[in-house]
Amino acid sequence: MLQRILSKDLPRSPWLAALLVVLFLGLAFAPFLFPGVKALNVAAKILVFVALVASFDLLLGYTGIVSFAHTMFFGIGAYGVAIALGSFAQPSWGAIAVGVLGALLVSTLLSLLIGLFSLRVKAIFFAMITLAVASAFLTLASQLSDITGGEDGLSFSVPEWLSPGFELSEALLSLPWGDVALNGKLITYYLLFVGVCAIFLTILRIVNSPFGRVLQAIRENDFRAEALGYRTVVYRTLSNVLSALFATLAGCLLALWLRYNGPDTSLSFEIMLDILLIVVIGGMGTLYGALIGSVLFVLAQSYLQDLLRMAGEAASGVPLLPALLTPDRWLLWLGLLFVLSVYYFPTGIVGKLRERAVLAQLKGSK
């Protein structure tokens, strides 16, 4: 049963399997294990990044295409939901459906055009074209203030069931480590959780299908795949379209969670850099790396300043050390952590754990 759910793509490492189970259960029960506004926002951000990074890994890790337009499709999804819910007199599930379908349609057309006109060129030129298109879209979203809200973005209401004011029960669920409110925010979180699980498992099924095997063949040797009779441009274009559609769905989920969207929220180039970092940390061509990398990166991004503040206070009597451990230097430490992770895990965390499992099997067979 588990093999069928995971499309026969098992972790292939006991340590990796244990880590994935812990992270999955942690995200599944995050509202109850880590009650609090900040913790729930961090868990929701991790979920969105899991879907977004997995969709990008389909393009980069499994097809070998470098694209800088991924956040554009992420933003299209977020703006689609924001504009639809802001345009209707009453927020409804029908408005959400219109926004999602409209965003998917726009993303399909744009990704198809980009793929057909750009994927025939060499990889570096395709990356530059996608960067130019993403920059143009960001400028357009900032200037069309009547539609997108400009730099201020769009705030909107969501259906009653997803509103924080909606209460399943007036009583709080009391746990030894805190109280949990059974409200619309909890429903929204589990909507994100189910949606991200569906996106992740669908991508996992795609990369383990015959179509996915062809994508990996193109990644390994484009010329040989074409010599075998595969129309590589068609497969690359389809991969670009599918990746864009999953990124669009991730953007829709982000908008529903935040009830707001703006250029810096979903279209920023910083998000694109974050995606690249997460893919490298987790491991390219390993969808499980999207989960592990997203958890590590978002946790570091959210709590590293707090840890540095505590460490600085503890080292107050040591010369120079408190100056290095100030929360203002969190980006320095985040960069150092990234360098160390690349140095010790060149194939990503998932790749390293799988390599160790293979080596252990070889030693056992001897």
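**Reasoning about charged residues in a predicted model**

User: Why is D306 called partly exposed?

Analyst: In this predicted model, D306 has a relative accessible area of 28%. Buried would require under 20% and exposed over 50%, so a value of 28% leaves D306 in between, as partly exposed.

User: What makes D306 and R309 a salt bridge?

Analyst: The side chains of D306 and R309 meet with an N to O distance of 3.1 Å. The cut-off asks for a side-chain nitrogen of Lys or Arg within 4 Å of a carboxyl oxygen of Asp or Glu, and therefore the pair qualifies at 3.1 Å. Both residues belong to helix α15 (residues 287-314), where they are 3 residues apart, which means that about one helical turn separates them.

User: How do you know whether R309 is buried or exposed, or partly exposed?

Analyst: R309 has a relative accessible area of 40%, and because this is neither under 20% nor over 50%, R309 is partly exposed.

User: Which residues are joined into one network by salt bridges that share partners?

Analyst: The network consists of D9, R12 and R354.

User: What makes D9 and R354 a salt bridge?

Analyst: Their side chains meet at 3.7 Å, N to O, and since the limit is within 4 Å, the pair is counted as a salt bridge. D9 lies in the loop between α1 (2-5) and α2 (14-28), whereas R354 lies in helix α18 (residues 348-365), so this pair ties together parts that are 345 residues apart in sequence.

User: Why is D9 called buried?

Analyst: The relative accessible area of D9 is 9%, and because buried means under 20%, D9 falls in that class. Its partner R354 has 12% relative accessibility, so R354 counts as buried by the cut-off of under 20% as well.

User: How do you know that R219 forms a salt bridge with E220?

Analyst: The closest N and O atoms of R219 and E220 are 2.9 Å apart, and as the requirement is within 4 Å, the pair meets the definition. With a relative accessible area of 31%, R219 is partly exposed, whereas E220, at 59%, passes the limit of over 50% and is therefore exposed.

User: Why does D264 count as exposed?

Analyst: D264, which is placed in helix α13 (residues 263-266), has 63% relative accessibility, and because exposed means over 50%, D264 counts as exposed.

User: Which residues gather with D264 in a patch of negative charge on the surface?

Analyst: The patch joins D264 with E151, D152 and E270. Asp and Glu count as negative, so the charge of this patch is negative.

Terms used
Residues are numbered from 1 along each chain as its sequence is written. This is a predicted model: local features need pLDDT of at least 70, side-chain atom pairs count only at pLDDT 80 or more; totals for chains, interfaces and linings use all residues. Side-chain values use heavy atoms; hydrogens and water are left out. Patches are made of residues with over 30% relative accessible area and no salt bridge: like charges are joined within 9 Å, nonpolar side chains (Val, Leu, Ile, Met, Phe, Trp, Tyr) within 5 Å. Accessible areas come from the Shrake-Rupley method with a 1.4 Å probe; for residues, only the protein chains shown count as cover. The place of a charge is taken as NZ of Lys, CZ of Arg, CG of Asp or CD of Glu. Helices (H or I, at least four residues) and strands (E, at least two) are DSSP runs, numbered from the N terminus. Buried means under 20% relative accessible area, exposed over 50%, partly exposed in between (1.4 Å probe, protein chains only).
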